[in-house]
Amino acid sequence: MLGKLARQHDPNVLVGFDKADDAGVYKISDQLALVQTVDFFTPIVDDPYTFGQIAAVNALSDVYAMGGRPLSALAMVCFPEKGDLAILERILAGGLSKMMEANCTVIGGHSIRDEEMKFGYAVTGTIEPRRVLANSGARAGDRLILTKALGTGVISTAIKRGTAQQSWIDAATDSMTRLNRAAAEVITRPEFQAHGMTDITGFGLIGHGREMALGSDVSLRIQASDIPLLAGALECVRAGYIPGGLKANREFAECNVQFGANVTDELRTLLFDPQTAGGLLISLAANQASAAIAELNRAGAPAATIGEVLPRISPLIRIE
């Protein structure tokens with residue numbers, strides 16, 4: 001649908017919606033550009049405060065995924081007219097706690113009456129124009145690094161059905177409420193040469209990997225056994241807790257993927273799992289991968305090398 005819209009030609013737009021990237025980047029000067037993004041969704045956990053935290057982490061993530069620093073945010077609220085305002089207060093407080101942790105100032109927002117509750121933020125950040133990490137910068141020979149484990153989509157589905165074990169809920173909540181700030185700060189240090197980066201959210205690892213591969217005109221080879229998974233994720237797949245978004249992701253992107261014979265169907269399914277406040281997928285110079293992993297883990301951002309970037313071949317993505 002976006003492809004049918006009139007194109008605006010502004011030389012200051014460094015990253016627009018044509019690349020399916022995480023955020024837009026608009027150049028203000030040779031030293032400064034704005035990073036802008038917006039994200040909101042319906043509750044995926046029962047606790048209002050935690051929901052607010054997750055919504056904030058998810059919105060902030062797109063700025064971190066570009067290599068930027070969040071600066072300000074506007075809250076977006078959809079709330080039932082007869083809803084309990086104490087719940088809304090807890091949602092706002094949870095979101096504010098994460099915005100404060102990110103040193104991002106909430107300067108306002110907008111609310112409407114809606115029978116279905118929704119919450120999120122429009123976030124503005126800053127970045128040096130020459131340091132933008134788009135999803136289209138991956139280079140053949142790079143290593144692929146993933147921060148945060150997969151599985152929040154299937155676990156959230158189990159939570160909604162009231163069948164999730166507490167240990168699964170705790171693992172998913174810890175992941176979804178952890179900012180990508182530490183990971184972004186490490187990977188954008190001068191000693192590391194990150195060529196491309198994106199965060200893994202609604203389109204799952206395969207969907208966002210596909211965007212990176214197509215945008216960079218490369219292919220990806222991923223080692224299935226190296227992909228970190230949340231506790232309970234495989235059990236949720238086996239129990240059939242499959243969100244609609246996962247099915248849509250698989251229908252859309254599986255044609256770009258070739259699976260090795262040893263990759264189980266449960267794991268294949270999880271690679272399409274829509275993540276909320278997921279981790280970063282980083283394309284980094286191969287000789288720096290080990291040092292980057294060590295620094296990421298030291299900074300409290302668990303990470304793993306999950307594959308490599310190849311020259312463009314068929315299939316677009318190979319899972320071994």
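Buried means under 20% relative accessible area, exposed means over 50%, and partly exposed is anything in between (1.4 Å probe, protein chains only). Keep that handy for the exercises below.

This is a predicted model, where local features need pLDDT of at least 70, side-chain atom pairs count only at pLDDT 80 or more, and totals for chains, interfaces and linings use all residues. Residues are numbered from 1 along each chain as its sequence is written, and side-chain values use heavy atoms, with hydrogens and water left out.

**Exercise 1. Salt bridges**

Find out how many salt bridges the whole structure has, then work out how accessible the partners are in the pairs formed by arginine 189 and arginine 250.

Step 1. Start with the rule: a salt bridge is a side-chain nitrogen of Lys or Arg within 4 Å of a carboxyl oxygen of Asp or Glu. Searching the whole structure turns up 18 of them.

Step 2. Go to arginine 189. Its side chain meets glutamate 191 in a salt bridge, at 3.8 Å from N to O. Arginine 189 is partly exposed at 28% relative accessibility, and glutamate 191 is partly exposed too, at 45%. Zoom out a little and you'll see a network of salt bridges linking Arg189, Glu191, Glu295 and Arg298.

Step 3. Now try arginine 250, which has a salt bridge with glutamate 254 at 3.2 Å, N to O. Here arginine 250 is buried, with a relative accessible area of 18%, while glutamate 254 is partly exposed at 28%.

**Exercise 2. Strand β12 and its partners**

Work out which strands pair with β12, and what else links glutamate 308 to arginine 221.

Step 1. Set the terms. Strands (E, at least two residues) and helices (H or I, at least four) are DSSP runs, numbered from the N terminus; two strands pair if DSSP finds at least two bridges between them.

Step 2. Strand β7 (residues 143–147) runs antiparallel to β12 (residues 303–311), and five bridges join them. Threonine 147 has alanine 303 as its bridge partner in β12.

Step 3. Strand β9 (residues 218–222) also pairs with β12 in the antiparallel sense, over five bridges. Arginine 221 is matched with glutamate 308 in β12.

Step 4. Check the side chains: glutamate 308 and arginine 221 form a salt bridge, with the closest N and O atoms 2.3 Å apart. Glutamate 308 lies in β12 and arginine 221 in β9, so this pair ties together parts that are 87 residues apart in sequence. Arginine 221 is partly exposed, at 29% relative accessibility.

**Exercise 3. Aromatic rings**

Classify the ring pair of phenylalanine 119 and tyrosine 121.

Step 1. Rings of Phe, Tyr and Trp (its six-membered ring) pair if their centres lie within 6.5 Å; planes under 30 degrees apart count as stacked, over 60 as edge-to-face, and the rest as tilted. That rule gives three aromatic pairs.

Step 2. The centres of phenylalanine 119 and tyrosine 121 are 5.1 Å apart and the planes sit at 70°, so the pair is edge-to-face.

Step 3. Phenylalanine 119 is buried at 1% relative accessible area, and tyrosine 121 is buried at 2%. Ring pairs link both of them with Phe41 and Phe51 into a cluster.

**Exercise 4. Helix α3**

Decide how covered helix α3 (residues 152–160) is and what its buried residues pack against.

Step 1. Eight of the nine residues in α3 are buried, among them Val154, Ile155 and Ile159.

Step 2. Using contact (heavy atoms within 4.5 Å), the buried residues of α3 pack against α4 (166–176), α7 (233–238), α8 (244–253) and α9 (265–270).
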